[in-house]
Amino acid sequence: MDCVNQKQPTLAIRSSAGIALWSTKGPKDALQHRPELPKEDTKIARSITYSPDGKYLAYTNGKDVKILTTSDWQLKCSLPRPKAFYLKFSPRGTFLVTWELYMVTKDRPEGSNNMYVYKCESGEEVFSVVQKKQTDWEPSWANDESLFALMVGGEAFFYELPISSAKPEEGFLTKVKTIGCGRGGVLSLAPGQSPPYLAFYTPGSTKGAPSMCKIYKYPNLGATETVACKSFFQCDNVEMKWNKRGNGLLILTSTEVDKTGASYYGNQALHFMATKGDSCAITLKKEGPIHDVQWSPKGNEFVVVYGYMPSSATLFNLKCDPIFSFTDGPMNCAHFNRFGNMILLGGFGNLRGVVSVWDLTRKFKLATLEAPDSTYVEWSPTGEEFITATTAPRLRISNGFKVWHYSGALLHETMWEQGQELYGVEWQKFADGFFKENPISRAKVEGIKSSQPTASKQAYQPPNVRMMMKGDGASGGAFVPQSTIPGLPPGYTSSAAKKNQKNSDKPKKPRNNNNKPKPQQNGGGGGGAGGGPNQSLNSAGGDSITNGDGNTAQTPRNNNNNNRPRSKGNQGGGAGGETANSTNHTTNNENTRTPQMQRRGGGAPTTNEDGNGSTRRRTTTSGDPEKDKKIKAIYRKLSDITKLKTKRDGGDNLNPSQLTKIAGEVQLRDELKALKISA
């Protein structure tokens, strides 16, 4: 490793015990808190952050905001903001922006400013304003801090800072330009050259006007001075991401409601705009949500993670042409290292935490590992390690963090004790060029074994199946069922259970599967019973049914067809009688519909249990044929999922496509709920 890489980055930790900084003495040394690093015990640690160049560290402790210099870890200044919630440094670390919750009091019913800008060198307050929204509160800066811009009440305000003078904060005294974007507008300044490019998003009106995104070159902000323009007809929210060069912009649009009904969670689309004036919609090969979009630090390519699970990930160039497709899998996020030569693809949140690391130069998968229950992922500034953490309040148990090598080896693990919570971790930042890019090696690095238990990969088996497989213990004999009534000795069951067991042990009569009507026998008058060759009418007024063994069983006959005892089987015979294997029906025409006839009718199928224990199917209609068709399709899919779950519980091994069907049950029930039909 080059001599410039000898400095080891520190890790800032924010937990229920307070603020602490951890580091190592060398690449093979353990990561831990060292005496020369700062540590403060506090119960209120809402935020901690490094400046982009790593020169300063700022954190809150419930009393004030402290700014430390990382060269000697001494206190630089203290800011009187005990309620500060978020902290954000300017690109060069000259200023620190704090945000706290907007509050209205009796003394000040109009409210007070809640966003402040401080000069880090002296701790002097140089600017303040009201920013009520907790989202999109951050102001925008030019890369050299010569321009400061923010959105307030649907308008964009611009302040030019004289960075060459001794007092650049004097630029906050007067705003030089104002442009209206409307309520819900978004402003984003591009990094890179100065003066920068600007991207404005203006939401569409309720009268059908489309939403617009326009790119300008500051200070030319006239209506006819746009560099590029793109309109969106289906857009409620946008997320804009510039590449590092400042010449390409990705716009992720989303709607809260999908009017086509294809998804319960709305739909998304991805667009690209260039400062040369080009714009296009990015076509994805798979349907489903867009989970993540990230630019490479090189600025010439980006990755998109999209689609229903197992999702896909594709690498695009600046022409929006796909150049490489990664292996599909359970993933919903992507992270480039600082050099852009490796990428991490992971599935967190409600996924298992499977992580794959890829070499982008050779398009080769370096490692696959599992980091379950992770809520935070970040590459180390060296570009060779990354950290995964389980933090509160997302998860309040098993809090801790792990440091991994890109080869998949676990280098470090620290878990918090029961009752303590980890709120956040963050690597120290460094200026570009501080660490040099090292060649990627396929050699495996020796790591440690995790102390956390791993989830079993065997198919689930119910307890009774496991007991039957291993017998009743040391004797290895047959499984003896336990008592279903508390207090009874093992092996004893209730009288109802014994009766059911006896009934199940009796040999069943063979069914007559011939559903065709049989010719009438013995001319039974008007509407006589239609019977088969094994059925005749006796002189006693009853039915004689011949069993498979040649014996004849006498059954009493009731002339009232509506009160006949029902038996399970296939429907047959004429309208005036029924065979021994007839289905449950009466002489009323409205009650003689078969399940096949019911499925031909409109409406969603439902089932009811009648008093005799048989299942009678009926239909309900919503009045909308298209909706009924969707409901039927969802019922069929839920039925298939139930069968697959039964196989899984029985110990059968399911293939990945069957497991994917089971994983989609929640989404199907959500769609069913949206159609006003309960599953």
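How many helices and strands make up the secondary structure of the protein? In this predicted model, the secondary structure comes to six helices and 42 strands. Of the 679 residues of the protein, 41% count as buried, and among the contacts with a separation of 6 or more, 42% are accounted for by residues 24 or more positions apart.

The strands β26, β27 and β28 follow one another through two hairpins, and β27 pairs with each of the other two. Strand β26 (residues 301-306) is paired with β27 in the antiparallel sense over six bridges, and within this pairing Phe-302 stands opposite Phe-316 of β27. The hairpin of β26 and β27 has five residues between the strands, and Gly-307 there adopts a positive phi near 95 degrees. On the β28 side, three bridges join β27 to β28 (residues 322-325), again with the strands running antiparallel, and Thr-314 is placed opposite Ser-325 in β28. Strand β27 itself (residues 312-317) is mostly covered, since five of its six residues are buried.

The hairpin of β27 and β28 has four residues between the strands, and in this hairpin Cys-320 takes a positive phi near 65 degrees. Cys-320 counts as buried because its relative accessibility is 12%, below the 20% limit. The closest cysteine sulfur to that of Cys-320 belongs to Cys-280 and lies 3.5 Å away, which is too far for a bond, given that a disulfide requires the two sulfur atoms to be within 2.5 Å. By this rule, the count of disulfides comes to zero. Cys-77 is likewise in no disulfide, the nearest cysteine sulfur, that of Cys-120, being 6.3 Å away; Cys-77 is also buried, with a relative accessible area of 8%.

A further antiparallel hairpin is formed by strand β29 (residues 333-336) and strand β30 (residues 342-346), which are joined by four bridges. Ala-334 has Leu-345 of β30 as its bridge partner, and in this hairpin, with five residues between the strands, Gly-340 takes a positive phi near 75 degrees.

Further along the chain, four strands form an open sheet in the order β33-β34-β35-β36, with antiparallel pairing. The edges of this sheet are occupied by β33 (376-379) and β36 (410-415), and because each has a single partner strand, one side of each is left without a neighbour in the sheet. From one strand to the next, the twist averages 15 degrees. The partner of the edge strand β36 is β35 (residues 400-405), and the two pair in the antiparallel sense over five bridges, with Phe-401 standing opposite Thr-414 in β36.

Two loop residues illustrate contrasting environments. Ser-90 is placed in the loop between β9 (86-89) and β10 (95-99), and at 0% relative accessibility Ser-90 counts as buried. The side chain of Ser-90 makes a polar contact of 2.7 Å with the side chain of Glu-145. When residues up to four places away in sequence are set aside, the residues touched by Ser-90 are Pro-52, Phe-95, Trp-141 and Glu-145. Gly-204, by comparison, lies in the loop between β18 (197-202) and β19 (211-217) and counts as partly exposed, with a relative accessibility of 32%. With the same sequence neighbours left out, Gly-204 touches Ala-209, Pro-210 and Ser-211. Gly-204 and Phe-233 are separated by 29 residues in sequence, while their C-alpha atoms are 7.8 Å apart in space.

Among the helices, α6 (residues 665-674) has Glu-665, Leu-668 and Leu-672 as its buried residues. These residues cover an arc of only 65 degrees around the axis, and therefore they are on the same side of α6. On the other side of α6, Val-666 and Lys-673 are exposed. The cover over the buried residues of α6 includes the helices α4 (625-649) and α5 (656-663).

Notes
Residues are numbered from 1 along each chain as its sequence is written. This is a predicted model: local features need pLDDT of at least 70, side-chain atom pairs count only at pLDDT 80 or more; totals for chains, interfaces and linings use all residues. Side-chain values use heavy atoms; hydrogens and water are left out. Two strands pair if DSSP finds at least two bridges between them. Axes are lines fitted to C-alpha atoms, for helices over the stretch in contact, and angles run from 0 to 180 degrees between N-to-C directions. Buried means under 20% relative accessible area, exposed over 50%, partly exposed in between (1.4 Å probe, protein chains only). The arc is that of the directions from the helix axis to the C-beta atoms. Contact means heavy atoms within 4.5 Å. A polar contact is a pair of N or O atoms within 3.5 Å; within protein, one must be able to donate a hydrogen and the other to accept it, and residues adjacent in sequence count only if both atoms are side-chain atoms.
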